[in-house]
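Student: I would like a close look at one part of this protein. Please take me through it step by step.

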Amino acid sequence: MRSRQDLQQAFDTLLAPERFKDYGPNGLQVEGREQVRKIVSGVTASRALIEAAVARGADAIFVHHGLFWRGQDGRVTGWMKQRLALLLAHDINLFAYHLPLDAHPELGNNAQFGRQLGLVASARFGEQDLGFLGQRGDGAVFTDTEALAVHVRKVLGRPVISVAGANGPLQRIAWCTGGAQSYFEAAIAAGAQAFLTGEISEPQAHYARECGVSFIACGHHATERYGAPAVAQHVASELGIAHEFVDVDNPA
Ligand SMILES: [Zn+2]
């Protein structure tokens, strides 16, 4: 059993949220009980995740997507009321770390997503250095965009949207998890031959064809489900408390 403050300090030391300009508050978003025996981690603080945490007797939840974002109108109604009511009724702490969780060089979303795919980063690019650029860890190359898309589909167990750039083998692969389609041009400028992220918008299909750099949209949730459990497990082991990851399936 450890105190809420011990958890907060362990997460902050690891993820250094003060180094980032973010879209919402990082750290403790909803205060729960003072002592923590068990953490449940997940991608998003959805009602389904909170219910799963309640069912598992968790004292704290650790997520990538918390409850509060810049631009919200601030009213506690509808889904927000339901999520908050559950957290407060069960006295559960909610910790959320957004960009700091994407960025951590070993345990973050980008590092862990790359690891799943067998990619090794050798450089970073884009705003706040969130983009990763590297190659296959086994030294091989992907024979073409289709081969890369098949590999990603197999590892993630879900369909992807793939737009081929140039024909031929792909060695320099860039990636940025989540809704990072706006990083595509920075990936192109950094010399990538293919870019992987969660989502695609209309313009990126044209950039891919016109710039000769392949684009693969792998799913926002699918690319961001590896960082939260890695960080939560690391901190739970460090503090000697229990941890369980709950993956609430999301096709988007
Ligand atoms: Zn995200």
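**A loop residue, the sheet and the zinc site**

Tutor: Leaving aside residues up to four places away in sequence, T143 touches G168 and P169. This is a predicted model. T143 and G168 are 25 residues apart in sequence, yet their C-alpha atoms are 6.3 Å apart in space. T143 sits in the loop between strand 8 (131-136) and helix 6 (145-156). T143 is exposed, because its relative accessible area is 55%, and exposed means over 50%.

Now the sheet. It is open and has six strands, in the order 7-8-10-11-12-9, with mixed pairing. Strand 7 (119-125) and strand 9 (161-163) are the edges, each pairing on one side only. On average, neighbouring strands of this sheet are turned by 25 degrees against each other, direction ignored. Strand 7 and strand 8 run antiparallel and are joined by six bridges. Within that pair, A123 stands opposite L133 in strand 8. Helix 6 packs on the sheet. This helix touches strand 9, strand 10 (173-175), strand 11 (194-197) and strand 12 (214-217). The direction of helix 6 makes about 20 degrees with that of strand 12.

Last, the metal. The zinc ion has three protein donors, H65 (NE2), H220 (NE2) and E224 (OE), lying 2.1 Å from it. H65 lies in strand 5 (residues 60-65) and H220 in helix 9 (residues 220-223), so this pair ties together parts that are 155 residues apart in sequence. The spacing of the donor residues is H-x154-H-x3-E. H65 and H220 are both buried, whereas T143 is exposed.

Note on methods. Residues are numbered from 1 along each chain as its sequence is written. This is a predicted model: local features need pLDDT of at least 70, side-chain atom pairs count only at pLDDT 80 or more; totals for chains, interfaces and linings use all residues. Side-chain values use heavy atoms; hydrogens and water are left out. Donors are N, O and S atoms within 2.8 Å of the metal (3.2 Å for Na, K and Ca); water is not among the atoms, so sites may look incomplete. Helices (H or I, at least four residues) and strands (E, at least two) are DSSP runs, numbered from the N terminus. Buried means under 20% relative accessible area, exposed over 50%, partly exposed in between (1.4 Å probe, protein chains only). Contact means heavy atoms within 4.5 Å. Two strands pair if DSSP finds at least two bridges between them. Axes are lines fitted to C-alpha atoms, for helices over the stretch in contact, and angles run from 0 to 180 degrees between N-to-C directions.
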